[in-house]
Amino acid sequence: MAEKTAVEMKETILKKFAEVFGEEGAKAYFAPGRVNMIGEHTDYNGGHVFPCALTIGTYGVARKREDRKLRFYSMNFDHLGVIESSLDDLKPAKEAGWTNYPKGVMWAFEERGYKIPCGMDLLLNGNIPNGSGLSSSASVEVLTGFILRDFFGFDVSNQDLALIGQYSENNFNGVNCGIMDQFAIAMGKEGHAIFLDTADLSFEYAPIKLENAKIVIACSNKKRGLGDSKYNERRSECETALAELQAVVGINGLGDLSEEQFETYKSAIKDETRVRRAKHAVYENQRTIKAVEALKNNDVELFGKLMNASHTSLQYDYEVTGVELDTLVEEAWKVEGVIGSRMTGAGFGGCTVSIVKTDAIDSFIEKVGKAYKEKIGYAADFYVVEIGDGPVVL
Ligand code: GLA
């Protein structure tokens, strides 16, 4: 994936910007993508997550304009050419395509009372595969917020950039996502994952020291399609289950319950499917806490086992995997040298994350890749990734 270095990517985008918009006064930026190691579908349930920022992400070049026009160009969607809009027209529109993400963030700044004084030309080039579940959209959101802060001196922290990005995704782009993706991207730290309690946004950086092992991402290449509506459906199932539980126990979120408490109170949930959804949220949160503990004790094996258990729970109780992700994970589990493997992100397609011993990576890619192609009919892509920092000026 990262065939090009950051320096080469910067050169490429500056050159393209000059071609599309002209040379003067442009500035280059980068915001990462993210992968979640464990703690899936817990962030809108007041639970813990454990994501990290990647060294792949979205590269952008921007320049202020003298008028209120917005001109956008994405090298990932070259065929769309320049898409024009205006600061006076910050409304979501289907035909605006990917530009709904930067526009949503501009809208969200204005909603918070930060008036954007002039328009801009913005060119992007991402090296996160689109729709892969590595948060290309949150990366664009945080990048846009970062550029706006840099241009206009808005008094917002990186954590605010995450919250503004999430607000725009929820209220401009209609996906009821939690805070994990934007937070992981805005707050990323090289070599570290972020142990975040989504109930109060307290967090801790935990070093990921994988001796003789690496993080490998397998991208299913399944187009996500219905993903967003299913995502919102899961979220509302959890909300209903929470309301049912609140009739018998004083909690603010499913993340407040231990496994034992859940077993005691679960009969308050009046539907078998909702019991399983809530069970996943509760157990996954506890698994995440245990996994971070395991890592602190240098017990990567236990961390891997908890990753595997996370996948099983997402497969059977939360039902967000599908045959593509299940195949990638089940085939990974068969390979010697795989410490743990699970789907990552929202699910319904997208990617898996695995911890693989360095000397087993080639055979992992070969074996899982072959079995996947035979069963699913098209190829998966594999990426050995590194954990990087949050957004930067290049
Ligand atoms: C998506 C959302 C996140 C989170 C994950 C599932 O990535 O954007 O907020 O809910 O799914 O863990």
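The following exchange concerns salt bridges and burial in a predicted model.

Trainee: What makes the contact between Arg 65 and Asp 67 a salt bridge?

Mentor: The nitrogen and oxygen of these side chains are 2.8 Å apart. A salt bridge requires such a pair to lie within 4 Å, so the term applies. In total, the structure holds 27 salt bridges.

Trainee: Why is Arg 65 called buried?

Mentor: Arg 65 has a relative accessibility of 16%. Buried means under 20%, and therefore the word fits. Its partner Asp 67, at 32%, counts as partly exposed, because that class lies between under 20% and over 50%.

Trainee: How do you know that Arg 68 and Asp 88 form a salt bridge?

Mentor: Their closest N and O atoms are 2.9 Å apart, and the cut-off is within 4 Å, so the pair qualifies. The bridge links distant parts of the chain, 20 residues apart. Arg 68 is in the loop between strand E3 and strand E4, whereas Asp 88 is in the loop between strand E5 and helix H2.

Trainee: Why does Asp 88 count as exposed?

Mentor: Asp 88 has 54% relative accessibility; exposed means over 50%, so the description holds. Arg 68, at 32%, is partly exposed.

Trainee: Where do Glu 272 and Arg 276 lie?

Mentor: Both belong to helix H8, 4 residues apart, about one turn of the helix. Salt bridges that share partners join these two residues into one network with Glu 233, Arg 234, Glu 237, Arg 277 and Glu 319.

Trainee: What makes Arg 276 buried?

Mentor: Its relative accessible area is 19%, and the limit is under 20%, so Arg 276 is buried. Glu 272, at 51%, is exposed, because exposed means over 50%.

Technical notes: Residues numbered from 1 in each chain as written. Predicted model: local features only at pLDDT ≥ 70, side-chain atom pairs only at ≥ 80, totals over all residues. Heavy atoms only, no water. Buried < 20%, exposed > 50% of the residue type's maximum accessible area, 1.4 Å probe, protein only. Helix = DSSP H or I, 4+ residues; strand = E, 2+ residues; numbered from the N terminus.
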